[in-house]
Amino acid sequence: MWDAWRDRLDDTRLPPAAALWAAQNGTYEERWELASRQGLDEGTFGALLEVDDHRIHDILALNRDLPRAFLDQLAIAGLANEEYISGHQNAPAERKRALPFKYVTGRSLELFLDEVQATESERNAVWRTSAAKASRSLGEVWDAIRTD
């Protein structure tokens with residue numbers, strides 16, 4: 001079965017069993033391709049976490065589908081670039097606070113605002129944050145808005 005999928009790791013019909021096999025036994029290139037792929041199941045994410053290669057972990061930390069539990073595992077074990085983890089849309093609000101505001105993506109910011117239960121006026125204030133404040137951390141920008 002694996003040989004039929006070897007060159008099609010980005011195919012949306014990739015069976016979970018083939019993805020898991022590649023995560024556990026594939027070459028560096030195959031694992032890299034898989035780590036960046038959307039729509040993986042938790043078993044495949046878990047197998048990629050067990051790979052002893054920080055480059056695979058960094059790519060995994062950039063995968064927008066990576067669940068929060070796996071981000072936490074990467075962070076606790078120090079397996080991936082901290083900025084990649086903090087900047088991930090699924091990172092918890094506390095982890096996002098240290099990230100420079102200018103690096104926070106729109107979806108990540110929306111999820112942060114949901115998690116801190118921002119009011120409509122607070123949300124508007126965050127989105128109107130000036131470029132001069134963009135070098136500050138998200139936490140600094142948020143604290144200034146929440147206390148105003």
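The following exchange discusses aromatic contacts and one helix in a predicted model.

Biologist: How many aromatic pairs does a search of the whole structure find?
Modeller: The search finds two. Rings of Phe, Tyr and Trp (its six-membered ring) pair if their centres lie within 6.5 Å; planes under 30 degrees apart are stacked, over 60 edge-to-face, and the rest tilted.

Biologist: What is the geometry of Phe45 and Phe70?
Modeller: Their ring centres are 5.9 Å apart and the planes lie at 45 degrees, so the pair is tilted. Phe45 belongs to helix 4 (residues 42–49) and Phe70 to helix 6 (residues 68–77), 25 residues apart.

Biologist: Are those two buried or exposed?
Modeller: Phe45 and Phe70 are both buried, meaning under 20% relative accessible area (exposed is over 50%, partly exposed in between; 1.4 Å probe, protein chains only).

Biologist: And which parts do Phe112 and Trp142 tie together?
Modeller: This pair is edge-to-face, 5.9 Å centre to centre with 85 degrees between the planes. Phe112 lies in helix 9 (residues 106–115) and Trp142 in helix 11 (residues 138–147), so the pair joins parts 30 residues apart in sequence. Phe112 has a relative accessible area of 1%, and Trp142 is buried at 3%.

Biologist: Changing topic, which residues of helix 3 are buried?
Modeller: In helix 3 (residues 28–35) they are Glu30, Arg31, Leu34 and Ala35. They share one side of helix 3, because they cover an arc of only 130 degrees around the axis, taken from the directions from the axis to the C-beta atoms.

Biologist: What conventions apply?
Modeller: Residues are numbered from 1 along each chain as its sequence is written. Local features need pLDDT of at least 70 and side-chain atom pairs 80 or more, whereas totals for chains, interfaces and linings use all residues, and side-chain values use heavy atoms, without hydrogens or water. Helices are DSSP runs (H or I, at least four residues), numbered from the N terminus.

Terms used. Helix = DSSP H or I, 4+ residues; strand = E, 2+ residues; numbered from the N terminus.
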